[in-house]
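Biologist: Before we discuss how the strands and helices are arranged, could you put the sequence and the model in front of us?

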Amino acid sequence: MAYFAGVDIGGTKIAVGLGTENGKILLEERFPTAEVERGDEGLTRIAAVVRELCDRQQIAVRDLAAVGVGSPGPLDHGTLLRTANLPLWEGINLSAGLHNLLQIPCRVENDATAAGMGEWMFGAGRGVNDMVYVTVSTGIGAGFIANGQLYGGEQGNAGELGHVVMEPGGPLCHCGNRGCLETLASGTAIARIGQEQKENSPYLRAVDRVDAPTVFAGARAKDDVCQKIIDDMARNLGRGLSFLVNLQNPARIVLGGGVMENGDMLLPMVIKYTENYSMPALFKAADIVLAGLGQDSGLAGALAVALVARI
Ligand SMILES: [Zn+2]
């Protein structure tokens, strides 16, 4: 049996797992990102956890076929460029660094791409050659599979769907632009708009702190303002997805991320709006479904990246 290591780097925690080629995670360990100050310390700690997991599995590190990493982007060939969540990791070459420490093949992809690889190999994207995974969470990102292969673009950053401009002059985005999809349809956006509309909503007025789950709860309780916020969000997301339908002609669009935990309510709305804005023939070919891996999507995605990195 071939073993692989996966590393899911996030703004709040880093997960390291050992798994097999069918995507099964055998062992995993997590630690808070804040425990390591700089990127080089982070890599040393990650390598130490990989060694520890190999010990527990009673294999040698050299028995690992590869290590795959999912990291916040943007990246340039495995090097972290400026990222809001990991400022002290800027300029760190994750793939070269981990390869040096572990002496096994290493491949790094941005987290949305990695999660998309996981869904394609082990989750809701199985069985198609052209798909796109879209994560709707604190931010919005996408990962493409095209012609049965990962499509990363020149630097590996393809799929920055959250930063297509939907509303020129709209709300300021952390990328520096205004009116990005992320400022209109992410969990962060739902919370911000909920806060802005608080005084108009009997439901929101009664709570101390408005976050995205509060707005969804309000919409479920038939509060008009909350329903309108979710409907606007779904329309913007559907319009964003229509770009993917028209540009990529995917067989499947897989929707994941924390906001899609409200998929029972959101999915029918998002499908309707995607249809409204897409070319009919291309929309018909695109099955829009919820992600299948849930909590494990980060590590499963990193394992999928490792599978591709194997020599
Ligand atoms: Zn932006």
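Modeller: Two residues are taken to be in contact if their C-beta atoms, placed from the backbone, lie within 7 Å. Please bear in mind throughout that this is a predicted model.

Biologist: With that cut-off in mind, which strands does helix H3 lie across, and at about what angle does it run to E9?

Modeller: Helix H3, residues 111-122, lies across strand E8 (131-136), E9, E10 and strand E11 (252-256). Relative to E9, the direction of the helix makes an angle of about 50°.

Biologist: Which strands stand at the edges of the open sheet that has the order E10-E9-E8-E11-E12?

Modeller: That sheet has 5 strands with mixed pairing. Two of its strands have a single partner strand each, so one side of each is left without a neighbour in the sheet. These edge strands are E10 (149-151) and E12 (287-290).

Biologist: How do E9 and E10 run where they are joined, and which residue in E10 stands opposite Ile 145?

Modeller: Strand E9, residues 140-146, is joined to E10 by 3 bridges, and the two strands run antiparallel. Opposite Ile 145, the residue in E10 is Leu 150.

Biologist: Turning to the other open sheet, with the order E3-E2-E1-E4-E7, by how much are its neighbouring strands turned against each other on average?

Modeller: This sheet also consists of 5 strands with mixed pairing, and strand E3 (25-32) and strand E7 (106-110), at its edges, each pair on one side only. With direction ignored, the average turn between neighbouring strands is 15°.

Biologist: What is the bridge partner of Val 69 in E7, and which helices pack on this sheet by touching E4 and E7?

Modeller: Strand E4, residues 64-71, runs parallel to E7 and is joined to it by 5 bridges, and in E7 the partner of Val 69 is Val 108. One helix that touches E4 and E7 has a direction at about 150° to that of E7, while another touching E4 and E7 makes about 105° with E7. The former is H2 (residues 94-102), and the latter is H3.

Biologist: Is H5 roughly parallel or roughly perpendicular to H7, and which residues of H7 make the contact?

Modeller: The axes of helix H5 (residues 187-196) and helix H7 (residues 212-220) come within 8 Å and cross at roughly 70°, which means that H5 is roughly perpendicular to H7. From H5, the contact is made by Gly 187, Ile 190, Ala 191 and Gly 194, and from H7 by Ala 212, Thr 214 and Val 215.

Methods: Residues are numbered from 1 along each chain as its sequence is written. This is a predicted model: local features need pLDDT of at least 70, side-chain atom pairs count only at pLDDT 80 or more; totals for chains, interfaces and linings use all residues. Two strands pair if DSSP finds at least two bridges between them. Helices (H or I, at least four residues) and strands (E, at least two) are DSSP runs, numbered from the N terminus. Axes are lines fitted to C-alpha atoms, for helices over the stretch in contact, and angles run from 0 to 180 degrees between N-to-C directions. Angles under 35 degrees count as roughly parallel, over 145 as roughly antiparallel, 65 to 115 as roughly perpendicular and the rest as oblique.
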